Amino acid sequence: MSTNRENFQEFFSSTSGKLGSILLVIFILISVFVVFTYPLNFGNTIWSNPSYWSDYPKSAPPTWVSIFGTENVEHQIIDFTSPVDVIPISNQEQRLYSYTLNYDSNISPTFLSLSMYDVVYHDRPPTISVSILRPDNEEILIYRDVISSPRQGEEGPYVRYSDSPFRINLSGDKSVSSNLIEFVQDKSNSQISVNDIVGSNEKYIFSSFSSTNPQEVLHGEYQILIKFVVNNENDSISKIRFVLGGSSYGLLGTDSLGRNLSVGLLFGFPIALLIGLTTSTITTMIGTSMGIISGYTGGRTDTIIQRFADTLSNIPLLPILLFLIFIFGPQLWLVMTILVLFGWPGLTIIIRSMVLQINSSQSIEAAKSLGASKWRIMYRHIFPQLAPFIFAQLVFFTPAAILAEASLSFLGLGDPSIPTWGQILENGFRTGGVYIGYWWWILPPGLLIVITAMIFVFIALALEPVVNPKLKKM
Amino acid sequence: MTTKKNKPNKYNLVVKNLNVNYKVTKGTVKAVNNVSFQIKAGEALGIVGESGCGKTTIALSLIRLLPNNISKLNGTITLGNKKINNLSDDIFRKTVKWKQISMVFQGAMNSLNPVLRIGDQIIEPLVNTGESKSIAKKSALELLDLVGLSEDIYSKYPHELSGGMKQRVIIAMSMIHHPGLIILDEPTSALDVSVQAQIMNLLKSLKLQGISMIFITHDIALTSDLCDNLAVMKDGKFIEYDSLANVLTNPKHDFTKQLIQSVPSLSLSIPSRKLPSTKKSILDFKNIKVDFIVRKGLLSSEPFTAVSDVSLKINQGETLALVGESGSGKTTLGRVALNLIEPSNGQVKFQGSLLNNSDDFSFRKNAQAIFQDPYSSINSFMTIYQILEEPLVIHNIDNNLHSEKINEVLKDVNLVPTKDYLNKYPHMLSGGQRQRVGIARALILDSKFIVADEPVSMIDASSRLEILGLLNNLQSVKNLSFLYITHDIATARQFSDRIAVMFFGRIVELGKSNDVVKNPLHPYTRSLIEAIPTLNPDNLSKTRKVISRDNFHPSCTYYDKKLNRVVDYHLNNVTHKCRKKHPKLTEIKKNHFIACHL
Amino acid sequence: MSLLQTLIVRGLSLIVVLITVLFLSVIVLGATGYSDRLLTATVSEELRGLRQSLSQNIRDPTELEQVIEDRREQLIEFYGLDRPWYYRLPDMVFRILTLDLGEARTLRSFTGSNRVSDIVLERLPNTVLLITSATIITSIIGLYVGVKIATQVGSRLERSVSYFSAISYALPAWWLGIIFIILFAFQLRILPSSGMYSVPPPTEPFALFLDKLVHAILPVFTLVIVSVGSWSYAVRTMVLNISQEDFVNVARAKGLPENLVMRRHIIRVAAPPIVTSLILGLTGSLGGAILTETVFGWPGMGRLYYEAILAADESVIVALTFMFTLLYVIARFILEILYVVLDPRVRYK
């Protein structure tokens with residue numbers, strides 16, 4: 001037998017041991033980061049909440065794809081919080097917000113949107129208007145609206161859009177199209193109707209109206225001008241957000257709901273580790289104790305445990321898992337419980353056969369004749385001999401649990417309140433991502449699942465030489 | 001070859017300057033270092049040495065089965081008048097392997113393919129050279145008969161045979177091509193002494209047919225039964241190589257002397273140990289019977305009687321040796337003595353009071369055990385201190401006394417200075433030292449009764465006598481009583497006051513050690529003593545008269561199944577009572593009992 | 001114990017497994033109210049049919065309603081809906097055993113039937129075809145590669161296979177399938193991405209066969225890739241274990257040619273554990289078929305399971321759970337028979 005220190009050295013001397021450990025540390029660090037920065041109910045309040053993601057481009061690939069020459073529009077969120085100018089007009093006050101951007105992409109933004117946050121007014125509702133000053137000095141008023149008036153019996157000050165912002169999709173709004181139509185007809189010299197341009201307003205706003213290429217974008221400086229007209233100087237708006245939808249987003253792109261995949265994938269780290277480690281730890285604990293008790297006490301206890309384990313281990317896992325989850329509903333703890341329920345028997349059967357061998361060894365006979373109690377024998381004399389093997393089993397079972405959960409999620413039985421990699425992948429698959437080519441939606445979650453599983457396989461592989469000679473000796 | 005079918009080819013083997021080096025992680029090992037020897041037709045050479053001395057490597061290089069990590073292999077091997085070390089592997093395989101040189105490997109248990117029938121394995125080399133199956137079968141059956149096995153063995157599977165039968169099969173198999181030379185690598189290790197003696201008899205008879213042999217063994221005593229010349233090997237070299245008689249009578253090397261001395265001699269007279277004066281018994285077996293349920297599938301099970309109707313007293317301060325071969329029930333009886341299994345029948349009294357499970361705990365404090373295997377009997381995950389402390393913890397001994405007691409007991413077993421050992425783990429100790437730790441553990445509770453089950457059989461020959469001496473010493477100092485369980489009647493005589501011989505779960509002879517060994521009354525005891533290998537050049541011409549358990553009818557100790565009659569090699573007046581009823585243990589002489597109708 | 005007895009005992013214990021699964025699913029169904037719903041749906045289905053046929057003969061609406069109401073009560077009593085679910089356990093088990101699970105809610109068989117047994121049984125051959133062909137290919141490659149690398153421990157090939165086998169343990173077949181679809185069907189455009197036939201399928205039988213073959217390539221390939229590595233490695237280990245046994249050395253000493261030693265004294269002896277792990281792999285991929293078939297749109301029972309989950313069609317799910325267990329148990333039983341045939345030690349013990 002070698003000492004612990006030698007075991008450690010042997011473990012870390014192997015490439016797979018080193019690689020597995022380093023990756024595991026990285027994964028744990030990421031998980032810790034996520035646990036401390038993400039809200040607990042991330043799944044329900046953020047991930048599965050479509051309005052949270054409305055200002056994100058839909059199905060956008062990662063930004064770095066532009067390296068490969070794909071035409072790209074940067075996603076821009078422009079927040080207006082303080083006006084550049086305040087102009088008093090009679091008893092009103094016009095607050096002017098402005099932003100200049102240099103637009104040199106060859107494609108127009110994927111969408112335009114406007115959001116207003118926390119409007120408070122005292123007398124009459126304020127009005128807002130948005131216009132864009134193009135590089136060709138054309139100023140187009142694209143949007144104009146009045147904040148909703150006081151309801152009957154409502155007392156001032158009137159608070160609007162404080163719970164959730166008021167958002168308007170400028171690309172698909174018909175009033176925007178109506179505002180635009182005259183300009184478009186004028187520029188393109190054709191009789192286009194409102195219905196023709198609604199849904200792609202942004203294209204016309206940014207169009208050069210070239211006769212050769214109607215898709216061509218007018219490059220240069222664009223100025224976004226927002227006028228917020230109030231009737232009382234105490235009226236306020238906390239934030240106005242103007243979004244130019246990009247054609248790509250972030251490190252890992254977005255899904256068809258506009259969800260930032262990197263955010264969802266990050267959340268998957270602690271979940272995957274939780275599923276894998278918790279399930280395998282509990283499974284190993286139950287499997288080990290059952291196996292030791294069964295093997296050492298023998299008799300009727302042994303028979304019962306073995307019959308039970310034999311039956312359970314002969315049941316095909318995935319169909320039963322699907323069936324139970326389907327009936328009881330997709331809950332993560334239930335998935336883990338079932339994995340434990342069907343996972344321990346295999347280990348118990350192995351452990352028992354090992355215990356039977358140890359039983360006949362003289363160290364157990366010796367402990368018995370010393371008068372040691374059966375719990376002492378099981379804990380002090382049998383368990384330590386099995387410990388390295390059990391630890392290796394724990395490591396080896398971890399990826400199995402992770403993969404099982406991923407498979408379930410992939411079949412649409414994932415817990416919707418807890419987004420996992422499997423679920424993200426399933427969304428991509430079910431949306432037809434494979435056929436449409438949303439590779440950024442399909443590959444990263446799968447890759448993460450594989451890498452996580454691989455970490456534990458590597459560690460298990462490195463543990464094998466540490467564990468095995470002992471097994472042979474028994 | 002067909003003409004002299006049943007006669008072995010005769011030729012000399014000459015090996016000159018054989019060198020074999022192994023490549024290992026830390027450099028090279030000279031496994032065989034410049035070894036030369038020759039074997040004339042019909043002669044046997046014995047090679048004796050401890051494990052790892054290179055003796056098996058010689059065998060493997062003769063038959064070209066060396067492992068891959070060979071870094072150097074040279075020397076000349078001449079068979080008859082042909083150099084065989086230069087032959088290509090293919091020619092060597094086709095002409096030499098098994099045809100001229102065959103080999104009986106160590107470990108009869110694993111030398112047969114478990115999924116093939118015995119017959120097919122015997123005839124395989126013959127069939128492979130183009131012989132027809134029916135002719136091959138005929139010669140296989142002849143060989144089976146030659147080695148003393150019946151024809152029905154031919155269509156059996158290995159797991160249906162006993163160890164001795166398997167070894168006979170392997171010997172038969174090695175002769176299928178009638179080779180001139182058979183290499184025997186520890187052919188009797190792991191076999192009981194009776195079986196060993198029979199196999200030696202068989203080999204002797206084969207040698208008389210003119211087959212040359214190389215007999216490799218760690219047990220020098222066996223060589224005098226078979227060998228004309230003897231080589232003693234150490235660290236890859238022949239340190240002694242001469243005719244057997246010369247080596248035995250005039251050993252030159254110290255190591256050889258040591259080996260010769262380690263053979264227990266029965267002829268040596270040792271003074272009878274004084275029986276303790278008190279007749280108070282410490283342990284008293286009465287009509288003990290132990291049955292095991294052997295499961296034969298889910299529904300049927302069969303009882304197997306390991307011990308039947310044993311009554312035996314162990315007196316205070318005496319050592320009683322329980323001698324028997326494997327399966328005799330001696331270990332089971334030892335476990336009954338330790339209250340580890342409950343007898344199915346009968347009762348055990350310890351210090352006058354009946355043993356049962358309820359006062360187990362106080363009994364445990366007074367009765368301890370020393371085990372056979374120093375490697376598995378102590379927990380390798382604990383330090384020596386923890387191992388020795390465990391009994392004290394279990395029996396709630398005051399914590400303040402632990403350290404003192406442990407130091408004391410380590411001194412008792414000569415592990416000094418004690419502080420060198422306390423924090424060591426068992427794997428840092430030698431086998432002998434570990435066994436001392438095992439003894440210390442048995443002593444630490446000041447128990448008066450100790451069951452020692454083969455305490456020295458797995459220890460190097462050199463430290464065996466030391467350990468036995470230590471036990472002897474402790475006994476007289478501490479007035480201990482021992483139940484000494486062993487297969488070795490020779491050491492039993494040296495270490496015990498009385499010997500009880502067990503056979504098929506019964507005690508067949510009981511008496512003072514010297515009386516039993518010098519003047520055995522029971523035929524089985526005689527056979528057992530006859531089977532003990534002794535060092536004597538005269539053995540070559542002698543057949544050991546032993547009776548084999550394989551041929552015994554379980555209901556009668558002397559009923560030979562194969563011959564279908566009651567046999568006894570020493571007495572001729574056999575009664576048929578033997579077949580029907582088990583004899584009672586009766587006192588024939590003073591303090592000397594046997595169970596026999598004769 | 002005799003050969004027959006061994007098999008009977010193993011067979012019995014596998015039947016216990018089957019019964020356990022049956023009871024487990026029935027209890028789960030009963031306790032959660034699913035079986036009530038299932039039977040109520042069956043009753044209304046029958047009544048609808050009755051109403052249609054009766055409406056031809058009985059003109060009076062009140063009389064019609066009366067007849068139907070009587071029939072309803074009869075049916076409720078017949079199906080035991082008037083009593084708690086646990087009284088219906090044996091009946092329910094029997095119904096599952098015979099796949100008599102009424103009609104699927106939305107799923108239809110290819111021929112248009114909505115009977116659960118039709119739908120399920122129609123898919124069975126496709127699944128069996130996929131799994132057995134993948135298993136046969138895997139076992140042939142694995143056996144060949146495993147034996148080969150066992151004779152060259154430490155070689156580059158041996159190490160590659162061991163790494164590959166470790167990686168494939170962490171590689172879910174469904175994800176690999178997706179990658180293959182993206183690669184072979186969309187990037188290289190050499191293989192169809194899903195389904196079992198082209199649309200429309202070719203009419204000529206041989207062309208139809210070829211079409212099926214082409215569609216089977218990707219799913220079979222995926223199944224083979226995920227299991228062949230670990231299987232080769234397992235074969236390697238078993239062969240290595242056996243080749244260190246003494247009797248192999250004896251066989252070499254006997255002067256037998258190396259290929260005979262390998263065949264008769266190593267592979268033949270290693271056969272029982274090899275067959276065990278092969279069939280265990282087969283039973284494992286049975287569950288995996290649910291995923292693989294889903295990815296490749298292969299119209300087998302696995303894909304049906306996925307569709308049933310999406311459509312929340314519980315009677316189909318129950319039927320499939322039973323069918324998968326049944327197939328699993330059958331495979332295990334074949335394993336037992338093979339093991340007993342291959343290993344004389346089991347045969348006569």
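This report walks through the domains of chain B, a hairpin within it, and the contacts that link the chains.

The model is predicted, so local features need pLDDT of at least 70 and side-chain atom pairs count only at pLDDT 80 or more, while totals for chains, interfaces and linings use all residues. Residues are numbered from 1 along each chain as its sequence is written, chains are lettered from A and ligands numbered from 1 in the order in which they are written, and side-chain values use heavy atoms, with hydrogens and water left out.

**Inside chain B**

Let us start with the domains, whose bounds come from an automatic or database domain assignment. Chain B has domain 1 (31-261), domain 2 (281-518) and domain 3 (519-534 + 544-598). On the domain 1 side, V193(B), S194(B) and Q198(B) supply 35% of the area that domain 1 of chain B buries against domain 3 of chain B, more than any other three residues. Buried area here is the accessible area (1.4 Å probe) that two parts lose on being put together, summed over both.

Between domain 1 and domain 3 of chain B there are zero salt bridges, a salt bridge being a side-chain nitrogen of Lys or Arg within 4 Å of a carboxyl oxygen of Asp or Glu. Three helices of chain B, α5 (163-174), α6 (193-208) and α7 (220-223), each supply at least two residues of the side of domain 1 that touches domain 3. Of these, α6(B) gives the most, with six residues. Helices (H or I, at least four residues) and strands (E, at least two) are DSSP runs, numbered from the N terminus.

Domain 2 territory offers a neat detail: strands β14 (residues 345-350) and β15 (residues 353-354) of chain B run antiparallel and are joined by two bridges, where pairing requires that DSSP finds at least two bridges between the strands. They form a hairpin with two residues between them, and Q351(B) in the turn has a positive phi of about 50°. F350(B) stands opposite S353(B) in β15(B).

**Two interfaces side by side**

The table sets the domain 1 to domain 3 interface of chain B beside the one between chains B and C. Contact means heavy atoms within 4.5 Å. A polar contact is a pair of N or O atoms within 3.5 Å; within protein, one must be able to donate a hydrogen and the other to accept it, and residues adjacent in sequence count only if both atoms are side-chain atoms.

| Interface | Residues in contact | Buried area | Carbon and sulfur share | Residue pairs in polar contact (both at pLDDT 80 or more) |
|---|---|---|---|---|
| Domain 1 (B) and domain 3 (B) | 16 residues and 11 residues | about 1100 Å² | 49% | one pair |
| Chain B and chain C | 25 residues and 24 residues | about 2300 Å² | 64% | nine pairs |

**Between the chains**

Two salt bridges are found across the interface of chain B and chain C. In one salt bridge, K254(C) meets E124(B), with the closest N and O atoms 3.1 Å apart. Helix α3 (residues 118-128) of chain B gives the most to the side of chain B that touches chain C, with four residues.

Over all chains, the whole structure holds 37 salt bridges. Among them is the pair R376(A) and E390(B), at 2.8 Å from N to O. This pair crosses between chains, from helix α12 (residues 374-410) of chain A to helix α12 (residues 384-394) of chain B.

Finally, chain C is divided into domain 1 (29-88) and domain 2 (122-347). Their centres, taken over C-alpha atoms, are 47 Å apart.
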